[in-house]
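User: I'd like to learn how to read a few features of a model like this one. Could you walk me through it?

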Amino acid sequence: MRGTDVRLDHVDVTFGDFQAISDVSLEVEPGEFFSILGPSGCGKTTLLRLISGFQEPTRGRVLIGGADMAGRGPNRRPTALIFQNLALFPLMSVRENVAFGLEARGIPKRERLARADALLALVALEGQGAKKPGELSGGQRQRVAIARALAVEPAVLLLDEPLSALDLKLRQHMRAELKAIQRKTGVTFIYITHDQGEALTMSDRIAVMNRGRVEQVGRPEELYAEPATPFVATFVGEQNVLIGTVAASAPGEAAVDTPLGRLVGRTANGAPAVGSRAFVMIRPERLRLSDGAALAGVVSRRDLEGPFFVLHVESGDTRLVAHVPNSGAIPEPGARVALAVDPADMLILPEGETARA
Amino acid sequence: MREILRAFGGPLSLVIGTLVGFWLLILVAVPQVAMLDYSLWSQAANADLSAAIDRAYAEATMAEFDRRAEANPAKATELDEKLTALKRTIAELEAAQTSPPKTYGLQNYTRMSPLHAYIFVRTILSALAVAAVALVVCYPIAYAAAFAPTPRRAAILLTALLVPYAMNELLRVYAWLMIFDYRGVLNSLFAAVGLADLEARRWVPFLETQGALFTVMVSVYALFMVFPIMNTLQTLDPHQIEAARDLGASAWRIHARVVIPHAKPGIAVGVITVFMLAAGSFAVPQILSRGTGGDWFSQLVYRQFFEANNWNLGSAYAFSLLVVSLAIVFAMMRAFGVSLREITK
Ligand SMILES: Nc1ncnc2c1ncn2[C@@H]1O[C@H](COP(=O)(O)OP(=O)(O)O)[C@@H](O)[C@H]1O
Ligand SMILES: [Mg+2]
């Protein structure tokens, strides 16, 4: 199996007068593990159905391996879709499920069952072929769905939140397994999730979506360190958001007057206009306890997360969250503390929509 | 049972149990047992008996004439005695005629004439064919209704299906009669394009064909096929159809491997219901063919009861139809591989 590239070219999808996908352009590399991350209802499933052929674009083009897919049904595209609810065939045995795509291609029974067994071995389900899907556990069913999709040797595997029904432990285990299968097969994976942790750990690249638009595409560490919009900054990872007015602006740097005083940080793209409203974004792990008179407040809550403590610090109406290492003296709730942060760790973005308003 | 007790409590469960028992006993068991009893006895053939009565009456009249003309007192006494004896015989014979002795046995079941046996077999086969045609016609309708792209479309489809059923069954059959009659809608259309000539009585005798009977039966019983299939199809996750398509399956294979296996209990219910209704149908063949298209077995049963006045033979006919139909139903359930439990679900 070998993956091919997928390109979306200025795609719109409208349902009636509701625009589910707005002007989306994407380029997925061959053999890439590409995630589409966004909150529920932002159009992720629609995007996947667009690639798999269940949905035709209202405008724009879908290209797979360079070929325009317009008018080509799902049964004639080199893609395989793993549905959010898996959609295994409950009346068929696991083996028949996996062999179904080969059956549809007219491959003789003996051969297709042998290939189904080989695929079941690939997903660590040897000997389970005679069971019905209903007799398997959630994680096993998940693997049957993967084997069934891989059986047709797709160039692109499309996965719609495939782990969302599993419990946390299993989910983490399956992340590693999916990644391993992707490496082993070389198939292009387009993986949909609303779980930013999942996207960050598994993906080569991620597209962050909101309200039918792609806000940013990048490698996980890029999205985390260099979010292009307030939405990406707040959806990917945790974030302290301070709102204020731009007091001074220079290329790559700006000063913002916030309720906690004037903060100087770096800007992402261009210089914000002086007097405009802006966000100052600070990651919780970048805040540290200090003696200086930086950001002062009172500890309102303290939660142990294992390797670090989560401190909630209040100052007036503003609340900051800081992750402080679990070593030395940790301030008790009620204690006055001062938090320090490097200017390079304060990102200034023009005011806009955030993920958790 | 225990669930009912838990859900409704003691007294209410008792009421429910009594009602169900009453229903089973009065409306199912008792009539069937009575029917079975009727079918198992017959009474002495009355033809000989009435001839004997006629003969005895004639003899008595003669004796009376003789007696009136007789002068000899010895002979007169003899004739009087003969008359009394004859009157007793007549009374006995008449008693035997009004309530002849019952003879129990299987004679009613072995007396079916070859013609009636032929009609019996043809009715069963035709009913099976009606069920098969109804399945072929109704499956796509049920599928379209279950997977209509919008709820509005589904509602429109269902309304279109239900409207004809708001009409009484007889009226529906008469409506078909108007369509298929010699001077009906179809023949008028044919006449308009020159294919028939109503003045010259040159027309297509639709009503004399099995085809017309089939069409009407399918249309009259279609709903009993559409609804169970639609109900099971509505429980099929549309993603399964999409998954099959995504894996490259043709429309035919999707139906054969995914949709039909899922709909099987509904299909079984539909086929069994339509078969039973068609096998026992009386009004449709009676109104439609008026004797020109060959009898349906239920018409024979009717005639045994109400024209030949032979309730015993009628019961035997009716019971035979019931038993054979049930046997076929169970055979179909085996063939479909569905159990009663699945069907009643
Ligand atoms: N077939 C459809 N008809 C109308 N609206 C739809 C249809 N499919 C999806 N939508 C709407 O499009 C939006 C995006 O849906 P979806 O792609 O399923 O989001 P996600 O997978 O990100 O949760 C939702 O508001 C949804 O209600
Ligand atoms: Mg979705």
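**Reading the model, step by step**

Analyst: Sure. One span to start with is residues 6-236 of chain A, which is 37% helix and 26% strand, with its end C-alpha atoms 24 Å apart. Keep in mind that this is a predicted model.

User: What does UniProt list for residues 6-236 of chain A?

Analyst: The unreviewed entry there gives "domain: ABC transporter" for that stretch.

User: Which residues are around ligand 1?

Analyst: They are A:F15, A:F18, A:A20, then A:P39, A:S40, A:G41, A:C42, A:G43, A:K44, A:T45 and A:T46. For polar contacts, look at the N and O atoms. The side chain of A:T46 has an N or O atom 2.6 Å from an oxygen atom of ligand 1. The backbone joins in too: a backbone N or O atom of A:G43 sits 3.1 Å from a ligand 1 oxygen, and a polar backbone atom of A:C42 is 3.3 Å from one.

User: Now helices. How do I read a packed pair?

Analyst: You describe two packed helices by the angle between their axes and the distance between those axes. Here, helix 8 (residues 169-180) and helix 9 (residues 185-192), both of chain B, pack at about 20 degrees with their axes 4 Å apart. Angles under 35 degrees count as roughly parallel, so helix 8 of chain B is roughly parallel to helix 9 of chain B.

User: Which residues make the contact?

Analyst: Helix 8 of chain B brings B:M178, B:I179 and B:F180, while helix 9 of chain B brings B:V185, B:L186 and B:N187. By class, that contact has five nonpolar residues, one polar and no charged ones.

Technical notes. Residues numbered from 1 in each chain as written. Chains lettered and ligands numbered in written order. Predicted model: local features only at pLDDT ≥ 70, side-chain atom pairs only at ≥ 80, totals over all residues. Heavy atoms only, no water. Axes fitted to C-alpha atoms, helices over the stretch in contact; angles between N-to-C directions. Helix = DSSP H or I, 4+ residues; strand = E, 2+ residues; numbered from the N terminus. Parallel < 35°, antiparallel > 145°, perpendicular 65-115°, else oblique. Contact = heavy atoms within 4.5 Å. Nonpolar A, V, L, I, M, F, W, Y, C, P; charged D, E, K, R; others polar. UniProt positions renumbered as here; feature names shortened; annotations may be inferred. Near = heavy atom within 4 Å. Polar contact = N/O pair within 3.5 Å; in protein donor to acceptor, adjacent residues only side chain to side chain.
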